[in-house]
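Here is a short briefing for a first look at this structure. Keep the sequence and the 3D view side by side as you read.

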Amino acid sequence: MRTSRLRTVHPVLWAGWAALAAGAVLCVVGWYGVSGERHAERQLPYLASCSIPGAALIIAGAVLLARGRGSIAAARVEELYGLLVAAEPGEPEEAGRAALAPLAVSGDLLMVPGGTLWHRADCPLVAGKAEAVPVDSKLVASGELDPCPICEPAEETD
């Protein structure tokens with residue numbers, strides 16, 4: 001799903017590449033013309049008609065390319081925002097309950113040695129980790145371990 005704004009950015013990129021190419025050609029022609037002349041008064045026309053406009057076209061092309069790429073990025077952000085807004089939940093009550101419910105509901109409590117949190121066994125942060133061990137109640141009682149904010153094991157022990 002592409003937006004119409006993405007299609008309008010491409011001409012800016014093409015114009016940038018065309019300006020860069022034309023500027024490079026003009027600079028090469030100007031350099032060739034200047035290199036063939038011995039006297040400074042005969043070199044000035046090549047500088048005025050080729051080299052300076054060529055440098056200006058190179059700068060303009062670089063600006064157009066930077067602007068076009070920024071516009072593409074902005075259009076993609078807008079497209080993603082539109083997709084995010086379009087994906088609204090069906091009922092606001094169900095979404096509220098789902099957001100408040102913990103991700104894990106197991107009764108077994110685990111911790112990772114050296115960690116600062118204690119978790120339910122089916123918490124996504126410790127599920128499947130071989131190094132997870134049962135929680136030492138002394139660490140919880142002393143306050144060295146905090147409850148995991150994702151699985152919220154504190155609700156079960158209260």
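The points below go from the overall layout to the helices, the sheet, the cysteines and the surface.

This is a predicted model. The protein chain has 5 helices and 4 strands. Of its 158 residues, 20% count as buried.

**Overall layout**

- Along the sequence, the elements of the protein chain come in the pattern α-α-α-β-β-β-α-β-α.
- The pattern opens with three helices, and three strands come next.
- A helix then precedes the last strand, and another helix closes the pattern.

**Annotated transmembrane regions**

- An unreviewed UniProt entry places the feature "transmembrane region" at residues 12-34 and 46-66.
- In the model, residues 12-34 are 100% helix and 0% strand. The end C-alpha atoms of this span lie 32 Å apart.
- Residues 46-66 are likewise 100% helix, with 0% strand. Here the end C-alpha atoms are 29 Å apart.

**The sheet**

- In what order do the 4 strands of the open sheet lie? The order is β3-β1-β2-β4, and the pairing is mixed.
- The edge strands are β3, at residues 133-134, and β4, at residues 146-147. Each of these pairs on one side only.
- Strand β1 covers residues 109-111 and pairs with β2 in the antiparallel sense, over 3 bridges. Within this pairing, Leu110 of the chain stands opposite His119 in β2.
- The hairpin of β1 and β2 has 5 residues between the strands. In this hairpin, Gly114 takes a positive phi near 85°.
- Strand β2, at residues 117-120, also runs parallel to β4, and 2 bridges join them. Leu117 stands opposite Asp146 in β4.
- As general background, side chains in a regular strand alternate between the two faces of the sheet.

**Just before β1**

- Asp108 is in the loop between α3, at residues 92-100, and β1.
- Is Asp108 buried or exposed? Asp108 counts as exposed because its relative accessibility is 52%, and the cut-off for exposed is over 50%.
- Asp108 and Ala121 are 13 residues apart along the chain, yet their C-alpha atoms are separated by 5.2 Å.

**Cysteines**

- How many disulfides does the model have? The count is 0.
- Why is Cys50 not bonded to Cys27? The sulfur of Cys27 is the closest cysteine sulfur to that of Cys50, but at 8.8 Å the two are too far apart for a bond. A disulfide needs the two sulfur atoms within 2.5 Å.
- Cys50 counts as buried, because its relative accessibility is 10%.
- Cys123 is in no disulfide either. Its nearest cysteine sulfur, that of Cys151, is 3.7 Å away.
- Cys123 also counts as buried, because its relative accessibility is 0%. The cut-off for buried is under 20%.

**A nonpolar surface patch**

- Which residues make the nonpolar surface patch of about 290 Å²? They are Leu44, Leu47 and Ile52.
- Ile52 sits in helix α2, which covers residues 40-86.
- Ile52 counts as exposed, because its relative accessibility is 58%.

Definitions and conventions: Residues numbered from 1 in each chain as written. Predicted model: local features only at pLDDT ≥ 70, side-chain atom pairs only at ≥ 80, totals over all residues. Heavy atoms only, no water. UniProt positions renumbered as here; feature names shortened; annotations may be inferred. Pairing = 2+ DSSP bridges. Buried < 20%, exposed > 50% of the residue type's maximum accessible area, 1.4 Å probe, protein only. Patch = residues over 30% accessible without salt bridge, like charges linked within 9 Å, V, L, I, M, F, W, Y side chains within 5 Å. Areas by Shrake-Rupley, 256 points an atom, 1.4 Å probe, with all protein chains shown as cover. Salt bridge = Lys/Arg side-chain N within 4 Å of Asp/Glu carboxyl O.
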